[in-house]
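Subject: Structure for your review

Dear colleague,

Please find below the structure that I am handing over to you. A description of what was found in it follows.

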Amino acid sequence: EAVTQVPITVDYAVLVPGSYTFGHRTALLTAEPRSVIADTVGQNLSAIVQPEANARFIAGVTAEVHRQLDACAKQTVLFPTGCSFGQSIQNRVSGAPAWTIEHYPSIRIAPGPDFGTWAIPSTPGTAHLRVDVTSLLDGSVSAFDQDVPFQLRATITIGADDVVTVAQR
């Protein structure tokens, strides 16, 4: 899932001669420093600074995704509300569906489609569903007891005081 983000251009006037370094380091984002040397008057120079999620940001988002998926698994329905997984069943459900998360998605954070947003690109995970089912054909009762693969996609925003919001899509 490709995400294209429009670069933001910022112009600076600098003194010549000089060496200038541009980078970014905050509590959640880091961009490796890029240096340029201004040695000619009137010369146009550029440095691309691409912030990336740092370990703290990834750990915080991972914890939030786990919390959200655990809350999804507590819902006793076939399609938990606001969640990335669900399962249709052809026969009659004769008990309360019981979900567990077998494999949490491995979180990767990429720039989002809009300035200031971040995204979790489509990432696989696995839930497990156990529920008793009554056959509509002969009335027999069996257990649906299977892994249910899913794809997690989410939009991430960073608010005031570095409060991170993760919204599954």
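**Surroundings of P124**

Leaving aside its neighbours within four places in sequence, P124 is in contact with P105, S106, F150 and Q151. Please bear in mind that this is a predicted model. P124 itself belongs to strand β7, which covers residues 117–134. Is P124 buried or exposed? P124 counts as exposed because its relative accessible area is 54%, and the cut-off for exposed is over 50%. A further residue to look at beside P124 is R153: the two lie 29 residues apart along the chain, and their C-alpha atoms are separated by 9.1 Å.

**The chain as a whole**

The protein chain contains one helix and nine strands. Their order along the sequence is β-β-β-α-β-β-β-β-β-β. As for overall dimensions, the C-alpha trace spans about 85 × 25 × 20 Å along its principal axes. The radius of gyration of the protein chain is 24 Å, whereas a compact globule of 169 residues would have one near 15 Å. Of the 169 residues, 32% are buried. Among the contacts with a separation of 6 or more, 54% are between residues 24 or more positions apart.

**Strands β1, β2 and β3**

Strand β1 takes in residues 18–25 and strand β2 residues 29–38; the two run antiparallel and are joined by seven bridges. A hairpin of three residues leads from β1 to β2. Which residue is the bridge partner of T21 in β2? That partner is S35. Strand β2 is also joined to strand β3, residues 52–53, by two bridges, and this pair runs antiparallel as well. Here T30 stands opposite E52 of β3.

**The largest pocket**

The largest pocket holds about 1,200 Å³ of space. Its lining consists of 34 residues, and those closest to the centre of the pocket are I8, T9, V10, A47 and V49. Which strands each supply at least two residues of this lining? They are β1, β2 and β7. The largest share comes from β1, with four residues. By class, the lining has 21 nonpolar residues, 12 polar residues and one charged residue.

When you open the structure, you may wish to begin with P124 in β7 and then turn to the pocket, to whose lining β7 also contributes.

Yours sincerely,
A colleague

Technical notes. Residues are numbered from 1 along each chain as its sequence is written. This is a predicted model: local features need pLDDT of at least 70, side-chain atom pairs count only at pLDDT 80 or more; totals for chains, interfaces and linings use all residues. Side-chain values use heavy atoms; hydrogens and water are left out. Two strands pair if DSSP finds at least two bridges between them. On a 1 Å grid over the protein atoms alone, a cavity is a set of points where a 1.4 Å probe fits but cannot get out, and a pocket is an open set with protein on both sides within 12 Å along at least five of seven lines; lining residues have an atom within 4 Å of a point. Grid points are joined across faces, edges and corners, and a volume is the space filled by probe spheres set on the points. Ala, Val, Leu, Ile, Met, Phe, Trp, Tyr, Cys and Pro count as nonpolar, Asp, Glu, Lys and Arg as charged, and the others, Gly among them, as polar. Buried means under 20% relative accessible area, exposed over 50%, partly exposed in between (1.4 Å probe, protein chains only). Contact means heavy atoms within 4.5 Å. The radius of gyration is taken over C-alpha atoms; the globule rule is 2.2 Å times the number of residues to the power 0.38.
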